[in-house]
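Please look over the sequence and the structure below before reading the notes that follow. They are arranged by topic for reading alongside the model.

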Amino acid sequence: MLHHVEMNVSDIEASRKFWGWLLEELGYNLYQEWENGFSYKENTTYLVFVQVQERFQDAGYHRSRVGLNHLAFHAESREHVDKMTEKLTKRQVPILYQDRHPFAGGEDYYAVFFEDPDRIKVELAAPE
């Protein structure tokens, strides 16, 4: 069982706005909050977001390097994926693989792929 995931972010306020909204939409609740970070929890698993220290800011993030590629969440249904895609679009969140959406993961895999403010890929997948 996964306990928690902690991610360093480049702009804690931009991440708080993005992740706070998204995680609340997915049923997570604010768990902890402090000056340079916050976390959201659902059941016994939580996600932590921390402002990266300035001395590490220049390295940046890219999902193709060693490290986290993306985070994937369960959607309730295909309709849930569609509703979230609409909400993400209204919030001007970059939707990935638009030419193949919602089947970018394969012909039987219904999902939306998008990016957070640091370009960390996020996925919301419908039940198979």
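With 35% relative accessibility, K87 counts as partly exposed, a class that lies between buried (under 20% relative accessible area) and exposed (over 50%), computed with a 1.4 Å probe on protein chains only. K87 forms a salt bridge with E25, and the closest N and O atoms are 2.9 Å apart; a salt bridge here is a side-chain nitrogen of Lys or Arg within 4 Å of a carboxyl oxygen of Asp or Glu. This is a predicted model, in which local features need pLDDT of at least 70 and side-chain atom pairs count only at pLDDT 80 or more, whereas totals for chains, interfaces and linings use all residues. Residues are numbered from 1 along each chain as its sequence is written, and side-chain values use heavy atoms, with hydrogens and water left out.

**Salt bridges**

- Side chains of opposite charge can pair when their charged atoms come close.
- By the salt-bridge rule the count comes to five.
- K87 lies in helix 2 (residues 78–90) and E25 in helix 1, so their salt bridge ties together parts that are 62 residues apart in sequence; helices (H or I, at least four residues) and strands (E, at least two) are DSSP runs, numbered from the N terminus.
- E25, like its partner, is partly exposed, with a relative accessible area of 30%.
- Salt bridges that share partners join E13, R16 and E33 into one network.
- Within this network, R16 and E13 meet through their side chains at 3.4 Å, N to O, and because the two residues are three apart in helix 1 (residues 12–25), about one helical turn separates them.
- R16 counts as buried at 18% relative accessibility, whereas E13 is partly exposed, with a relative accessible area of 47%.
- E33 also forms a salt bridge with R16, with 3.0 Å between the closest N and O atoms; E33 lies in strand 2 (residues 29–34) and R16 in helix 1, so this pair ties together parts that are 17 residues apart in sequence.

**Aromatic pairs**

- Rings of Phe, Tyr and Trp (its six-membered ring) are taken as a pair if their centres lie within 6.5 Å, and planes under 30 degrees apart count as stacked, over 60 as edge-to-face and the rest as tilted.
- The count by this rule comes to 10 aromatic pairs.
- F38 and F49 form a stacked pair because their ring centres are 5.0 Å apart and their planes lie at 20°.
- This pair links distant parts of the chain, with F38 in strand 3 (residues 37–42) and F49 in strand 4 (residues 45–51), 11 residues apart.
- F38 counts as buried at 0% relative accessibility, and F49 counts as buried at 0% as well.
- F103 and Y110 form an edge-to-face pair, with 5.3 Å from centre to centre and 85° between the planes; F103 is partly exposed at 33% relative accessibility, while Y110 is buried, with a relative accessible area of 12%.
- Ring pairs also link F18, W19, Y28, F38, Y40, F49, F73 and F114 into a cluster.

**Strands 1, 3 and 4**

- Strand 4 is mostly covered, with six of its seven residues buried.
- Strand 1 (residues 4–9) runs parallel to strand 4 and is joined to it by six bridges, two strands being paired if DSSP finds at least two bridges between them; H4 stands opposite Y46 in strand 4.
- Strand 3 and strand 4 run antiparallel and are likewise joined by six bridges, with T45 in strand 4 as the bridge partner of E42.
- These two strands form a hairpin with two residues between them, and N43 in the turn has a positive phi of about 55°.
- S39 has its place in strand 3 and counts as buried at 0% relative accessibility.
- Leaving aside residues up to four places away in sequence, S39 touches N29, L30, Y31, Q32, W34, Y46, L47 and V48, where contact means heavy atoms within 4.5 Å.

**Strands 6 and 7**

- Five of the five residues of strand 6 (residues 111–115) are buried, so this strand is largely enclosed by the rest of the structure.
- From strand 6, A111, F113 and E115 point one way and V112 and F114 the other way, and all are buried.
- Strand 6 and strand 7 (residues 121–125) run antiparallel and are joined by five bridges, with V112 opposite L124 in strand 7.
- The hairpin of strand 6 and strand 7 has five residues between the strands, and R119 takes a positive phi near 70° there.
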